[in-house]
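The following exercises introduce a structure by stages. Each task is followed by a worked solution, to be read beside the structure.

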Amino acid sequence: MAPKDLVFQVSHNDSPMPAAERDAILADPPFGSVFTDHMVDICWSEKGGWHRPRVQPYGPIAMDPAAAVLHYGQEIFEGLKAYRHADGSIWSFRPDQNALRMQRSAKRMALPELPADYFLESLKQLIAVDGAWVPSAPEMSLYIRPYMYAKEAFLGVRAAKKVAFYIIAAPAGPYFSGGVKPVSIWLSTDYSRAGKGGTGQAKTGGNYAASLVAQAEAAEHGCAQVLFLDSVEGKYLEELGGMNIVLVYKDGRVVTPQSDTILQGITRDSILQLAEDAGHTVERRPVTLEEWRDGVESGDIVEAFACGTAAVVTPIGQLKSKDFTIGDLDQPAGPLTLALREKLTDIQYGRQPDPYGWMFRL
Ligand code: PLP
Ligand code: COI
């Protein structure tokens, strides 16, 4: 049920992408570079609160050159997916958690909190007009990107009094081109992603901007992602540029870094629940780089994987740095990594029951 005060004004795109062209894209979509025909837009102002919810044709946004986001980066975003089940119905995965995380990000970035029911209704409104964009090919999905930014034209440094919330969407295939093949990751020693008391837990553009040069360094070394360490001691594992990290011990323990400077991933939270329910001991605690290196060398750590909405669950085959390389890219993906990936995607694609009530019908 839509919140009572939330009535969307819908204007349809009168030149949507022709169905044949769209279907060709859906058969093998790139990640995040082709967008659906519509977008959602809700305004906020200090005086009027959230108002004027709209669905409109996808297209350029007019923005004042003095809009605060362009100068001070007051912006947050979310990422989630829509999945088509065998009966044609369309579902998303724990979108209530994205709504709550967006509220936490908003608090940290001095932006207004969008009520969770507005967030969920906005997703439904977009799918109501762009449902045909949700792929039905296996392992494909529609990646949904809600975001919010400071649009007030004002160069003083303070929280903006005018803000925009949008949702756009793009059909998505695998984030990494090799599919579920193990990837290699680069350890960043020159750059940190987030500092103590900073914005590491918020999903805000600046964290990603800060990661780009390190990500470029990773690519120069043939690695698919970059791993950041804590910025205080340079000792503890944090996360990758766009995903969380999980290690698996020979004795079945599943270990993931706990830190208040990383994003609290919804995929990771779900995977750990699945692992716990399958009888694994799950440890959320600080993890040193040394623990990982020594564990791989002694054979105690037998698997590592990255997880996130875009990455799903991606095995990590190798960790490279200026000084050392551990792991072997030629090794096949670990059995627990693959089993957890399958359990998660079976729920997301409706191939297995959803005992946790994670799926939300759009
Ligand atoms: N860490 C970072 C930096 C991310 O960008 C993401 C992706 O959203 C994640 C972790 C994983 O979060 P989630 O599983 O909620 O997508
Ligand atoms: C996501 O997984 O939703 C992200 O935001 C990460 C990014 C690498 C696309």
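A residue is near a molecule if its C-beta atom, placed from the backbone, lies within 6 Å of it. The structure is a predicted model, in which local features need pLDDT of at least 70 and side-chain atom pairs count only at pLDDT 80 or more, while totals for chains, interfaces and linings use all residues. Residues are numbered from 1 along each chain as its sequence is written, and chains are lettered from A and ligands numbered from 1 in the order in which they are written.

**Exercise 1. The ligands**

Determine which residues lie around ligand 2 and around ligand 1, and classify both shells.

Solution. Step one: ligand 2 is surrounded by G79, G242, G308, T309 and A310. Step two: its shell consists of one nonpolar residue, four polar residues and no charged ones. Here Ala, Val, Leu, Ile, Met, Phe, Trp, Tyr, Cys and Pro count as nonpolar, Asp, Glu, Lys and Arg as charged, and the others, Gly among them, as polar. Step three: around ligand 1 stand G79, E239, G242, M243, N244, L263, G265, I266, T267, R268, G308 and T309. Three of the residues in the shell of ligand 1 are nonpolar, seven are polar and two are charged. Step four: helix 6 (residues 266-277) supplies the largest share of this shell, three residues. Helices (H or I, at least four residues) and strands (E, at least two) are DSSP runs, numbered from the N terminus.

**Exercise 2. Strand 9 and its partners**

Establish whether strand 9 is mostly covered or uncovered, and identify how it pairs with strand 16 and strand 10.

Solution. Step one: in strand 9 (residues 183-187), four of the five residues are buried, and the strand is mostly covered. A residue is buried if 20 or more other C-beta atoms lie within 10 Å of its own, exposed if 12 or fewer, and partly exposed in between. Step two: strands 9 and 16 (residues 312-320) run parallel and are joined by four bridges; two strands pair if DSSP finds at least two bridges between them. The bridge partner of W186 in strand 16 is K320. Step three: three bridges pair strand 9 with strand 10 (residues 225-229), again in the parallel sense, and W186 stands opposite V226 there.

**Exercise 3. The nonpolar core**

Which residues have the most contacts inside the largest nonpolar core, and which strand gives the largest share of this core?

Solution. Step one: I185 and L227 have the most contacts inside this core, which has 88 residues. Such a core is a set of buried Ala, Val, Leu, Ile, Met, Phe, Trp, Tyr and Cys residues joined through C-beta atoms within 7 Å. Step two: strand 7 (residues 141-150) contributes its largest share, six residues. Step three: beyond four places in sequence, the contacts of I185 (C-beta atoms within 7 Å) include A218, L227, L240 and I316.

**Exercise 4. Two positive phi angles**

Compare R94 with E139, and explain why each is classed as buried or partly exposed.

Solution. Step one: most residues other than glycine have a negative phi. R94 has a positive phi of about 50°, and E139 has one of about 65°. Step two: R94 belongs to the loop between strand 6 (90-93) and helix 3 (95-108), E139 to the loop between helix 4 (116-130) and strand 7. Step three: R94 is buried because 20 other C-beta atoms lie within 10 Å, whereas E139 is partly exposed because it has 15 within 10 Å.

Key:
Contact = placed C-beta atoms within 7 Å.
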